[in-house]
Amino acid sequence: MSEAAAKALDAADSLARYRSRFALPEGTAYLKGNSLGAMPLPVDDTVRTILDQWRTRQVRAWNEGWYDLSRRLGAKVASLLGVEADEVIIGESTTIAWHKLCSAALEAQPGREEIVTDDLNFPSDLYALQGLARQRGARLKVVPSNGIALPPEGIASALTDESGVLALSHTAYRSAYVHDLETVQTLARRRGILTVWDLSHSFGVMPIPLREAHADMAAGCLYKYASGGPGAPAFLYVRRDLQDRLANPLQGWFGHAAPFEFEETYRPAEGIARFLTGTPPIVSLAAIEPGVDLLAEAGIEAIREKSMALTRYAVDQYDALPDAGELALATPRDPEQRGAHIAFTHPEAFALSRALIAEDIVVDFRAPDLLRMGFAPLTTRFHDVLRAMDRLASMLASGEHRSIQVDRPAVT
Ligand SMILES: Cc1ncc(COP(=O)(O)O)c(C=O)c1O
């Protein structure tokens, strides 16, 4: 497709106007919204407000908005998830939220010693589960996928009466495969298994049927498509009727029923607040709000529609390559089963990623051989996708990426 045709798609895009509300240099094709979302312009003011409060009100600011921030922002995230305001709270990183939920779920399932996950899950989640299995003397079963997808039947056949917890990434970080949450949740419920979903690659790019599926628990990253900023704390969801049945494995004063009574014995708060532990990072928490507000303003249905159009467009470009050589699509072809990024395998994926980044086409590399392009619908233009795909094709044809000499950085 020509550049003019891509620009025509951008001109017809009802979400195109949102791009100007983010800090993005014009010459950059930023395709890393799946990793660190671009900065919403109001973040400058939001963070400055917190610093001003610190400067002028010091500790008094805790009673002037800081203390309720975890819950207030949790309610905004809940509304985007379509669940109740008191079912979501924001506290620590995704890994810690995930750890807490999986641990609480396992403790609530005495006699069921098995945790089930799959090999599409994010390594940090797997590390947490491995640690949990070790600490609790539980068994971790990792269901193999075909590297891209794992249909519900594959999960069903792995579940037994010994399974206590099913812990999955809703959208896979490598292939972007989206689990059928409603079907999998039903399978688990029939066997009395509690589910924990990692929504990191789903939140902010698609409607998630937590309510429809009567889903048990979830955690999700806010620095990706929600543009919450580097290291933004994650959200944690627990269905209301489960909240008082579950115990936070990391007990601390922010999850106490009355933190400022300074009682010597832990008493869990009622409801979602019991899943907090220590003092939340207020500056980072505050930076989340503008991105979440922009998602709410644009509307999650419209966002998903554009997201599917963007990934479909990228796949069309791939299919139109006269010779893809060793570049293989590593993403489901059905847009309904696909999140908001596209992945390719190639033996030279690292060199290709660095060569593209050197031209301000910001993509990423996931070892050993994956090249990913993430399309945040509020900031990605169709002509950014075209530019990335065109340059990828011309690099593959010329081999020019092979002359790029870069040491592998810590973050790829
Ligand atoms: C699916 C998934 N889960 C968890 C994480 C880790 O999140 P955090 O750094 O907030 O612990 C990531 C990070 O990229 C991720 O992609």
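Modeller: A pocket is found on a 1 Å grid over the protein atoms alone: it is an open set of points where a 1.4 Å probe fits, with protein on both sides within 12 Å along at least five of seven lines. A molecule sits in a pocket if more than half of its atoms lie within 2 Å of the pocket's grid points. This is a predicted model, in which local features need pLDDT of at least 70, side-chain atom pairs count only at pLDDT 80 or more, and totals for chains, interfaces and linings use all residues. Residues are numbered from 1 along each chain as its sequence is written, and side-chain values use heavy atoms, with hydrogens and water left out.

Biologist: Where does the ligand sit?

Modeller: Start with the residues around the ligand, which have a heavy atom within 4 Å of it. They include Ser-93, Thr-94, Phe-122, Asp-125 and Tyr-223. The ligand's place is the largest pocket.

Biologist: How many residues in the shell around the ligand are charged?

Modeller: Asp, Glu, Lys and Arg count as charged; Ala, Val, Leu, Ile, Met, Phe, Trp, Tyr, Cys and Pro as nonpolar; the others, Gly among them, as polar. The shell has two nonpolar and six polar residues. Its charged residues number three.

Biologist: How far from a nitrogen atom of the ligand does a polar side-chain atom of Asp-198 lie?

Modeller: Two other residues point to ligand oxygen atoms. A polar side-chain atom of Thr-95 lies 2.5 Å from an oxygen atom, and one of Lys-224 lies 2.6 Å from an oxygen atom. For Asp-198 and the ligand nitrogen, the distance is 2.6 Å.

Biologist: What percentage of the ligand's accessible area does the protein cover?

Modeller: Accessible areas come from the Shrake-Rupley method with a 1.4 Å probe. On its own, the ligand has 390 Å². The part covered by the protein is 85%.

Biologist: Is Asp-364 buried or exposed?

Modeller: Asp-364 lies in strand S14 (residues 364–366); strands are DSSP runs of E with at least two residues, helices are runs of H or I with at least four, and both are numbered from the N terminus. Buried means under 20% relative accessible area, exposed over 50%, and partly exposed in between. Asp-364 has 0%, so this residue is buried.

Biologist: With the side chain of which residue does Asp-364 make a polar contact of 2.7 Å?

Modeller: A polar contact is a pair of N or O atoms within 3.5 Å; within protein, one must be able to donate a hydrogen and the other to accept it. One such contact, of 2.8 Å, joins Asp-364 to the side chain of Lys-32. The partner at 2.7 Å is Arg-372.

Biologist: Which residue is 9.5 Å from Phe-365, C-alpha to C-alpha?

Modeller: Phe-365 is in strand S14. At 3% relative accessibility, this residue is buried. The partner is 22 residues away along the chain: Ala-343.

Biologist: Which residue does a cis peptide bond join to Ala-367?

Modeller: Most peptide bonds are trans. Here omega is about 5 degrees. The partner lies in the loop between S14 and strand S15 (370–374). It is Pro-368.

Biologist: What is the phi of His-214?

Modeller: Most residues other than glycine have a negative phi. His-214 lies in the loop between helix H8 (210–213) and strand S9 (217–220), and at 39% relative accessible area this residue is partly exposed. Its phi is positive, near 55 degrees.

Biologist: Is Phe-262 buried or exposed?

Modeller: Phe-262 also has a positive phi, about 50 degrees. Its place is the loop between helix H9 (240–243) and helix H10 (282–298). The relative accessible area is 55%, so Phe-262 is exposed.

Biologist: The backbone oxygen of which residue does the side chain of Ser-70 reach?

Modeller: Ser-70 lies in helix H3 (residues 69–81). At 3% relative accessible area, Ser-70 is buried. Its side chain reaches, at 3.0 Å, the backbone oxygen of Ile-90.

Biologist: How far apart in space are Leu-69 and Pro-280?

Modeller: Leu-69 is in helix H3 too, and is buried at 5%. The pair is 211 residues apart in sequence. C-alpha to C-alpha, the distance is 8.8 Å.

Biologist: What distance separates the C-alpha atoms of Gly-131 and Gly-192?

Modeller: Gly-131 lies in helix H5 (residues 123–136). At 10%, Gly-131 is buried. The two glycines are 61 residues apart along the chain, and their C-alpha atoms are separated by 23 Å.

Methods
Buried < 20%, exposed > 50% of the residue type's maximum accessible area, 1.4 Å probe, protein only. 1 Å grid on protein atoms, 1.4 Å probe; cavity = no way out; pocket = protein on both sides within 12 Å on 5 of 7 lines; lining within 4 Å.
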